[in-house]
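Trainee: Could we go through this one together, starting with how the chains meet and then turning to the DNA?

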Number of protein chains: 2
Amino acid sequence: MTIKIVEELEAPATSGTQPFLPDYLLFLTASVSAAMSEEFHEHVRTRGLRVPEWRVLACLHDDDGQMITRLARFAMIEQSRLTRIIDQMDERGLLERRSDKADRRRVRIFLTRTGARLAADLVSEARAHEKRLIKRLPDGLGQDLKATVKRLHGVLWAGEQD
Amino acid sequence: MTIKIVEELEAPATSGTQPFLPDYLLFLTASVSAAMSEEFHEHVRTRGLRVPEWRVLACLHDDDGQMITRLARFAMIEQSRLTRIIDQMDERGLLERRSDKADRRRVRIFLTRTGARLAADLVSEARAHEKRLIKRLPDGLGQDLKATVKRLHGVLWAGEQD
DNA sequence: AATAAAAATATGAGTTTTCATCTTTTCATA
DNA sequence: TATGAAAAGATGAAAACTCATATTTTTATT
């Protein structure tokens with residue numbers, strides 16, 4: 001690997017115009033999302049789960065027996081990846097596959113007793129964490145954000161059945 | 001792979017209590033972020049870049065010559081991954097490494113002419129896309145969200161120098 | 001000044017993730 | 001009621017990612 005060694009005598013080297021990212025909605029949203037989640041995601045790993053696995057548990061906690069495709073969309077996981085995550089969670093005894101009697105292409109995913117217990121624990125921890133997080137933020141920033149993203153989520157998922 | 005085949009005669013199989021995710025701040029935020037970004041990320045791929053590469057370009061567009069560690073935090077990319085992404089972008093002629101004269105542990109990343117041009121194009125496309133996106137949303141939802149995440153970003157990054 | 005601790009980056013190896021594609025099953029329609 | 005298109009999942013192979021750790025350089029302490 002060759003690296004030039006150049007003394008920093010050049011001009012401030014910015015974009016010349018207004019900075020972009022501090023005013024870019026998609027960056028700000030992603031960055032805020034990542035920063036806020038970091039802490040709880042760390043906790044999730046402590047509990048022996050990766051973030052996508054936690055998302056799967058949470059989805060099933062709310063609505064057990066979803067099909068893989070739907071789970072994938074809701075949990076923001078690409079389908080073939082979810083298939084393999086489910087393989088692993090199945091092996092670990094957290095959930096199980098059941099073929100849908102009415103449409104045999106579909107595979108429905110159900111939490112096992114163990115998986116349901118873990119999901120319930122984490123959901124309750126997540127709720128508690130959210131309370132603390134919001135309390136830590138100044139003003140009503142947390143409430144504001146929650147109200148706004150709730151409305152937005154409704155709008156953006158308007159087309160989706162259920 | 002063994003899959004039970006079970007007829008769906010069981011109870012609605014929900015959590016029994018209030019659904020969690022539709023009221024969970026971190027999920028709503030991540031979900032909204034992903035949904036809003038999807039479209040532009042697709043465009044980025046069309047342009048031959050992966051999302052993390054686009055983030056690197058955007059960061060450097062705003063502030064050329066950043067060191068890898070800082071770039072990693074800002075672009076939400078794990079350090080060793082960023083090192084390799086930079087390898088690739090270097091090979092493609094989009095940016096180059098320069099060792100920092102004053103602190104020779106540091107490697108500063110600079111856009112090449114080509115990289116700067118690509119970054120400028122994408123930034124301008126991103127700005128245009130944001131306008132369209134916000135226009136598409138009902139009420140002042142887009143503006144509301146932007147104002148809120150801007151404040152939040154400030155709060156959450158308060159500790160970070162610059 | 002010598003030395004320990006910390007910071008910045010790189011790298012090997014193992015695991016994940018992705019992409020395209022395959023199979024199976026259902027749906028639409030001629 | 002055949003038949004082609006679409007939907008749901010699974011899977012192989014290649015690429016990307018992560019984790020722990022190594023290396024180099026700087027900073028802080030004695």
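Here is our conversation about this predicted model.

Trainee: How much area do chain A and chain B bury between them?

Mentor: Begin with who takes part: the contact draws 73 residues from chain A and 73 residues from chain B. Carbon and sulfur atoms make up 68% of the buried area. The total that the two chains bury is about 7,200 Å².

Trainee: Which element gives the most to the side of chain A that touches chain B?

Mentor: Several elements supply at least two residues each, including β1 (4–6), α2 (51–62) and α5 (113–136) of chain A. That side divides into 40 nonpolar, 12 polar and 21 charged residues. With 14 residues, the top contributor is α1(A).

Trainee: How many salt bridges cross the interface of chain A and chain B?

Mentor: A good example is R151(A), whose side chain meets that of D144(B) at 3.3 Å, N to O. A salt bridge here needs a Lys or Arg side-chain nitrogen within 4 Å of an Asp or Glu carboxyl oxygen, so this pair qualifies. Across the interface, the count is 8.

Trainee: What share of the atoms of DNA strand D within 4 Å of the protein belongs to sugar or phosphate?

Mentor: Look at the phosphate oxygens of strand D: one is 2.3 Å from a side-chain N or O atom of T69(A), and one is 2.9 Å from a polar side-chain atom of R50(B). R104(B) uses a backbone N or O atom instead, 3.0 Å from a phosphate oxygen. Bases account for the rest of those strand D atoms, and the sugar or phosphate share is 64%.

Notes: Residues are numbered from 1 along each chain as its sequence is written. Chains are lettered from A and ligands numbered from 1 in the order in which they are written. This is a predicted model: local features need pLDDT of at least 70, side-chain atom pairs count only at pLDDT 80 or more; totals for chains, interfaces and linings use all residues. Side-chain values use heavy atoms; hydrogens and water are left out. Contact means heavy atoms within 4.5 Å. Buried area is the accessible area (1.4 Å probe) that two parts lose on being put together, summed over both. Helices (H or I, at least four residues) and strands (E, at least two) are DSSP runs, numbered from the N terminus. Ala, Val, Leu, Ile, Met, Phe, Trp, Tyr, Cys and Pro count as nonpolar, Asp, Glu, Lys and Arg as charged, and the others, Gly among them, as polar. A residue is near a molecule or strand if one of its heavy atoms lies within 4 Å of it. A polar contact is a pair of N or O atoms within 3.5 Å; within protein, one must be able to donate a hydrogen and the other to accept it, and residues adjacent in sequence count only if both atoms are side-chain atoms.
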